[in-house]
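Please take the sequence and the model together, and follow the paragraphs below from one part of the fold to another.

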Amino acid sequence: MSENVLEVKNLTKDYGDFTLDGLSFAIPRGVIMGLIGENGAGKSTTINCILNEIRKDGGEISIFGKDYIQSEIEIKDKIGVVFDENHFPDIFTPVEIGKYMEGIYSEWEWPVYRKFLEQFELPADKKIKDFSKGMKVKLAFAVALSHKAELLILDEATSGLDPIIRDDILDMLIDFVQDENHSVLVSSHITSDLEKVADYITFIHKGKLVFSYPKDDLVDNYGIVSCGAAVFDTMDKSEVVAYRKEEFQYKILVKDRNKAARNYPKALVGPATIEEIMLFHVKGELQ
């Protein structure tokens, strides 16, 4: 069994005005990976390439240790997918969706599916066209979690949910990976959610990989230094990831905030959130 549930190597997709440029990352079994980046960074393109919804121009993708095209039917039988938009026919009811999915997935579980319909308060015989956006997303989660999937792929899937249901979904994702055989790839602009549940963070900016790191390395080590020009001018710029010049001070993103606190005692040094790390890369001056 492959140590990694998903491996992406030098993935390229060229649209002319946008290029996914040599993207590489891997998801170990039993972890949740958060995929972050600004709108248009290439997150959905990456996910659609992984799912073979769009054809890549170069690179390699393997899932469960198998080629994602040669073994596509076998692979997709063990993947659960949730997008931010409804992909089910509006004229169907959840029960009819279940009957349809029973014919697609080899290990469809009716008891599990009915449990999720009840938990999410989804009327089993109501047509999907009468569902709210949040109800449609919850239905997609019910389907994704009811056929013994080993990998969940979520593309902005929680964006239409209220905070309480979103928190319930996050708890389910944590439970999903507890056996260390299941994994999750979740693209989300709600970085606070990823700070709660993700084990790894992969950051894409303008079609290029910025980093793919364990989340704990980011939140435990990265920091923001606030200082005046005098301190900034003396800083070792090799320690600086990016900075922003404000009216009266500099804000500086560093990879080792403890080292920065020791070296620059006159500066204010604090932790950096994942959102702040992303914003510094997108809007700051890079070293």
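**A guided walk through the model**

In strand E13, Leu253 is the bridge partner of Ala242, and this pair offers a way into the model, which is a predicted one. The two strands concerned are E12, covering residues 240-245, and E13, covering residues 250-254, and they run antiparallel with 5 bridges joining them. Between E12 and E13 lie 4 residues, and the two strands form a hairpin.

Another part of the model holds an open sheet of 4 strands, which follow the order E2-E1-E4-E5 with antiparallel pairing. Its edge strands are E2 (19-28) and E5 (66-67), each of which pairs on one side only. Helix H1, made of residues 43-50, packs on this sheet, where H1 touches E1, E2 and E4, and the direction of the helix makes about 115° with that of E1. Within the sheet, strand E1 (residues 4-14) and strand E4 (residues 58-63) are paired in the antiparallel sense over 5 bridges, and among the residues involved is Thr12, whose bridge partner in E4 is Gly58.

The walk now turns to a single residue, Leu152, which has its place in strand E7 (residues 151-155). Is Leu152 buried or exposed? Leu152 counts as buried because its relative accessible area is 0%, and the cut-off for that word is under 20%. Once its neighbours within four places in sequence are left aside, Leu152 is in contact with Gly80, Ala144, Leu145, Leu173, Phe176, Ser183, Val184 and Leu185. One of these contacts, Leu173, stands 21 residues from Leu152 in sequence, while the C-alpha atoms of the two are 8.8 Å apart in space.

Leu173 appears again in the lining of the largest cavity, together with Leu154, Thr158, Leu170, Val186, Ser188, Asp193 and Leu194. Helix H6 (163-176) and helix H7 (191-197) are the elements that give two or more residues to that lining. How much space lies in the largest cavity? The space comes to about 50 Å³, and the count of cavities of 30 Å³ or more is 2.

The cysteines make a last stop. Cys49 is buried because its relative accessibility is 0%, and Cys227, with a relative accessible area of 6%, is buried too. How many disulfides does a search of the whole structure find? The search finds 0 disulfides.

Methods: Residues numbered from 1 in each chain as written. Predicted model: local features only at pLDDT ≥ 70, side-chain atom pairs only at ≥ 80, totals over all residues. Heavy atoms only, no water. Pairing = 2+ DSSP bridges. Contact = heavy atoms within 4.5 Å. Axes fitted to C-alpha atoms, helices over the stretch in contact; angles between N-to-C directions. Buried < 20%, exposed > 50% of the residue type's maximum accessible area, 1.4 Å probe, protein only. Disulfide = S-S within 2.5 Å. 1 Å grid on protein atoms, 1.4 Å probe; cavity = no way out; pocket = protein on both sides within 12 Å on 5 of 7 lines; lining within 4 Å. Points joined across faces, edges and corners; volume = space filled by probe spheres on them.
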